[in-house]
Amino acid sequence: MSAEWTQSGAEILLRALKDQGVEVIFGYPGGAVLPIYDALFQQNAIRHILVRHEQAAVHAAEGYARSTGKVGVVLVTSGPGATNAVTGLVDALMDSIPLVCLTGQVPTHLIGNDAFQEADTTGITRPATKHNYLVKRGEDLARVVHEAFYVARSGRPGPVVVDLPKDIVINKAPYAEPAVQHASYRPRTEPDLGQIAKAVALMKQAKRPMIYAGGGVINAGPAASDALTRLARMTGFPVTNTLMGLGCYPASDPQFLGMLGMHGTYEANLAMHGCDMLLAVGARFDDRVTGRLNAFSPDSRKIHIDIDGSSINKNVPVEVPIIADAGKALAALVAAWQASDAPSDKPALASWWRQIDTWRGKDSLKFTQNMARGGIIKPQYAIQRLFEITRARSKDVFITTEVGQHQMWAAQHFHFDKPNRWMTSGGLGTMGYGLPAAMGVQIAYPDACVIDIAGEASILMNIQEMGTLAQYRLPVKVFILNNQYMGMVRQWQELLHGSRYSETYSAALPDFVKLADSFHATGMRAQSVDELDAVINAMLDCPTAVIADIAVDQAENCFPMIPSGAAHNEMLLGPEHEESGAGITDAGMALV
Amino acid sequence: MPALPMQAWRWSDRCCLLPILTRQGMTPPRPDHTFPRTLVYPMLSPTDTTPRSATISVLVDNESGVLARVIGLFSGRGYNIDSLTVAPVDAAGLHSRINVVTSGTSMVIEQIKAQLDRLVPVHRVADLTMDGPHVARELALIKVIGTGERRVEAMRIADTFRAHVVDTTLGSFVFELTGATDKIDAFIELMRDLGLAEVSRSGIAALARGSRVI
Ligand SMILES: Cc1cc2nc3c(=O)[nH]c(=O)nc-3n(C[C@H](O)[C@H](O)[C@H](O)COP(=O)(O)OP(=O)(O)OC[C@H]3O[C@@H](n4cnc5c(N)ncnc54)[C@H](O)[C@@H]3O)c2cc1C
Ligand SMILES: Cc1ncc(C[n+]2csc(CCOP(=O)(O)OP(=O)(O)O)c2C)c(N)n1
Ligand SMILES: [Mg+2]
């Protein structure tokens, strides 16, 4: 040990975090991380938020990261602390969320010994993270922490675990500044201009163009959303978003066709099916989006911008791959489109828009709300009112969701004009994500309106976080669309398993109003349509955390729906639509 | 058992413990032919289906866990490993070279390379099969037990294959053979009738021909 090492590993760790700009850590203490908690206690630069379950710490960090664009930081103890965090890590991996998760570990000399609260954390989290480290020498500590942040936020973002044996954080260690360049990991961010030129040539020739933009545009930062909007306005091309991309293009813009995919709009899916040029940006051709692959956008020439080479040609072969940051590539496309004097096919585009408008005319998201006193609340209507009332109040609104039908209805009926306002678990589909994620957002934006649109089943998966809300006085609003069913699963059972509702009814739900009360929050309930607005307003006016229990129609299904394995033009529309149940046979005919 | 707490909701008559039967006049979509009865997670049907073999070389940081990462990637994503070798390749022992022989459709091979390339400790990935001619060799130790005519015949065949005898007793040989995989396969096949007892193979080491390096 060198004489000039004056700080403990824990102090070095916190110094590295500070130099990385960390302001908040979400965590939960335990034996292996006690020295780190001791160091935290003795400083003021970094705030620690004590969650009630390690999974929630990770989701909270995800909410924080997604809403701010910063790296979220988690601190958990060894063994059960680390294993509890795994679901959150996989969630962040699937949705490309930058996180650094610090896990305690037994002292180096005990590793492999089945010591108390030992788990092979790097082994368990290897496939659950973008990368992970076990720090075995104090000399490596600061370098590894800096590298972890670099890896988490560079290229395709993702979660990184740093496993910290207890002796490493106790013993003295040297500090190191962040390195200038990483030896092997240097993802490409600048687009190849030759590919950009090819892309513009395809775009200029297009008669039926389509832009399909995903979460990667949000990862690339607000400037990428601006560039996308500029490109769309300049070209006049229609735009659709994935679930993860919502907000990267303004939903109120007339060129926006809504979300695509399994529960996407009629117009977005048919435009995907019928287009002759598809520009995919920061989207990964997920199976919820493509439907049956051999029928996916069959007539289009495809351009794909993605920062991760492994996303390109993974599911769908593309003609012009562009490996680059979405923001940089979109800016290059804007410049190249302007510089090119090749004409674009304006008459064809106009007739394509006429076609799209007839699809739009179908109003595939429509539903009928019985407005009579005592009328049962349609879940879609509840979201629509939540959207309208929050918009009228013109406060910055952040929405998180749990997983299920309510999530899809939120995606369909709540509209986002800006990126980073919509936090949902898309890739892993983790029930229990929404409440802790909302917590993380509220920490980042103490004055904003943060709402978790929840299902009554999902909310119970991390309900303990109501305690965290109380401790830090976080006024998160939990808006439960209570159908007493695991609605999404029940819907599949109805449609695919002969309405045999096996184990999807929650027979002993808590009284959510009393539950809110016991957690020092405010509980409220709307049981019929005439009570809805008052409850929403009361919820938004309430200075504390709220659980609003909205009793909604139990029988409602989420439409449109492309059943797994079906094509975009084999969409199923809701009962509002005459031809529902027979598939959309006119869709093929409607294609130009 | 105590009764479950009932909620005093006005619509509690609708919250029956049975599945929803009344659909408020709404006809649910019929589950039959309108729904392709496929898996919830449809099998991907790649466009080209003919698999090819690929020898991929990967230059990695020589750090603990790196091999686990590479192997985990193959097993986790369902790729084949037909052969795998790994050893440090510079004097300081900072870098290792991993050679993997795998097989799959060209889309899968491209995906494997892209997946390898994005691992943090990976410096370079090269598809030796695609990038031009290459040499691929492996070493095998082959134990043959036998006496008399069979022993003589084994020795004769070993000579033609240029196998070396690296251990011998009156009743056994250990042959050392280097070469392409099919040559080693052929030799082992011939030894089968001559007392083949045990085989140990190194797996493939490979380099591009000419002056190209990865
Ligand atoms: C119940 C349920 C239903 C669902 N239904 C639908 C549905 O109907 N429609 C739908 O769209 N989704 C749906 N999903 C979500 C779906 O599972 C996927 O999570 C989602 O479609 C993926 O979105 P994405 O393609 O935008 O990719 P993301 O997962 O957001 O991935 C981002 C992509 O962008 C790339 N990228 C990252 N950073 C950058 C950068 N800086 N520059 C360029 N590229 C970058 C990444 O490499 C990656 O390829 C559903 C999920 C659930 C749980
Ligand atoms: C952790 C986890 N377990 C199981 C599932 C499978 N699943 C998806 S949606 C769903 C039901 C969700 O019910 P609820 O929260 O009430 O939402 P609803 O669909 O009724 O709106 C289930 C069980 C999941 N996505 N996540
Ligand atoms: Mg429900």
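User: Which helix of chain A gives the most to the lining of the largest cavity?

Analyst: Helix 16, residues 405–413 of chain A, contributes 3 residues, the most given to that lining. A helix here is a DSSP run of H or I with at least four residues, a strand is a run of E with at least two, and both are numbered from the N terminus. The model is a predicted one, in which local features need pLDDT of at least 70 and side-chain atom pairs count only at pLDDT 80 or more, whereas totals for chains, interfaces and linings use all residues. Residues are numbered from 1 along each chain as its sequence is written, chains are lettered from A and ligands numbered from 1 in the order in which they are written, and side-chain values use heavy atoms, leaving out hydrogens and water.

User: What makes a space count as a cavity, and how many cavities of 30 Å³ or more does the search find?

Analyst: A cavity is a set of points, on a 1 Å grid over the protein atoms alone, where a 1.4 Å probe fits but cannot get out; lining residues have an atom within 4 Å of a point. Points are joined across faces, edges and corners, and the volume is the space filled by probe spheres set on them. The whole structure has 6 cavities of 30 Å³ or more. The largest holds about 90 Å³. Its lining has 14 residues, with Lys366(A), Gln380(A), Glu556(A), Asn557(A) and Phe559(A) closest to the centre. The second largest has about 60 Å³, and Met262(A), Asp287(A), Gly291(A), Ile562(A) and Pro563(A) lie nearest its centre among 10 lining residues.

User: How are the residues of these two linings divided?

Analyst: The lining of the largest cavity has 5 nonpolar, 6 polar and 3 charged residues. That of the second largest has 4 nonpolar, 4 polar and 2 charged. Ala, Val, Leu, Ile, Met, Phe, Trp, Tyr, Cys and Pro count as nonpolar, Asp, Glu, Lys and Arg as charged, and the others, Gly among them, as polar.

User: Why is the site of the magnesium ion (ligand 3) called irregular?

Analyst: The site has 6 donor atoms, with angles of 52 to 172° among them. Six donors are octahedral if opposite donors are over 155 degrees apart and all others between 65 and 115; four are tetrahedral if all angles lie between 85 and 135, or square planar under the rule used for six, and anything else is irregular. An angle of 52° fits neither range for six donors, and the site is therefore irregular. The protein donors are Glu456(A) (OE), Glu456(A) (OE), Asn483(A) (OD1) and Tyr485(A) (O), at 2.1 to 2.6 Å. These distances satisfy the donor rule, which asks for N, O or S atoms within 2.8 Å of the metal (3.2 Å for Na, K and Ca); water is not among the atoms, so sites may look incomplete.

User: How do you know that Glu456(A) is buried?

Analyst: Its relative accessibility is 1%. Buried means under 20% relative accessible area, exposed over 50% and partly exposed in between (1.4 Å probe, protein chains only), so Glu456(A) is buried. Tyr485(A), at 3%, is buried as well.

User: Why is no disulfide assigned to Cys449(A)?

Analyst: The closest cysteine sulfur, in Cys542(A), is 12 Å from that of Cys449(A). A disulfide needs two cysteine sulfur atoms within 2.5 Å, so this pair is too far apart for a bond. The search finds 0 disulfides over all chains. Cys449(A) is buried at 9% relative accessibility, and Cys558(A) is buried at 0%.

User: What makes the backbone of Ser297(A) and Ser499(A) notable?

Analyst: Most residues other than glycine have a negative phi, and most peptide bonds are trans. Ser297(A), not a glycine, has a positive phi of about 35°, and Ser499(A) has one of about 55°. Ser297(A) lies in the loop between helix 12 (287–290) and strand 13 (301–306) of chain A and is buried at 0%. Ser499(A), in the loop between helix 19 and helix 20 (512–518) of chain A, is partly exposed at 36%.

User: Which peptide bond is cis?

Analyst: The bond joining Phe559(A) and Pro560(A) is cis, with omega about -5°. Pro560(A) is in the loop between strand 20 (546–551) and helix 22 (585–590) of chain A.

User: How many helices and strands are there in chain B?

Analyst: Chain B has 4 helices and 9 strands. Of its 214 residues, 37% count as buried.

Conventions. On a 1 Å grid over the protein atoms alone, a cavity is a set of points where a 1.4 Å probe fits but cannot get out, and a pocket is an open set with protein on both sides within 12 Å along at least five of seven lines; lining residues have an atom within 4 Å of a point.
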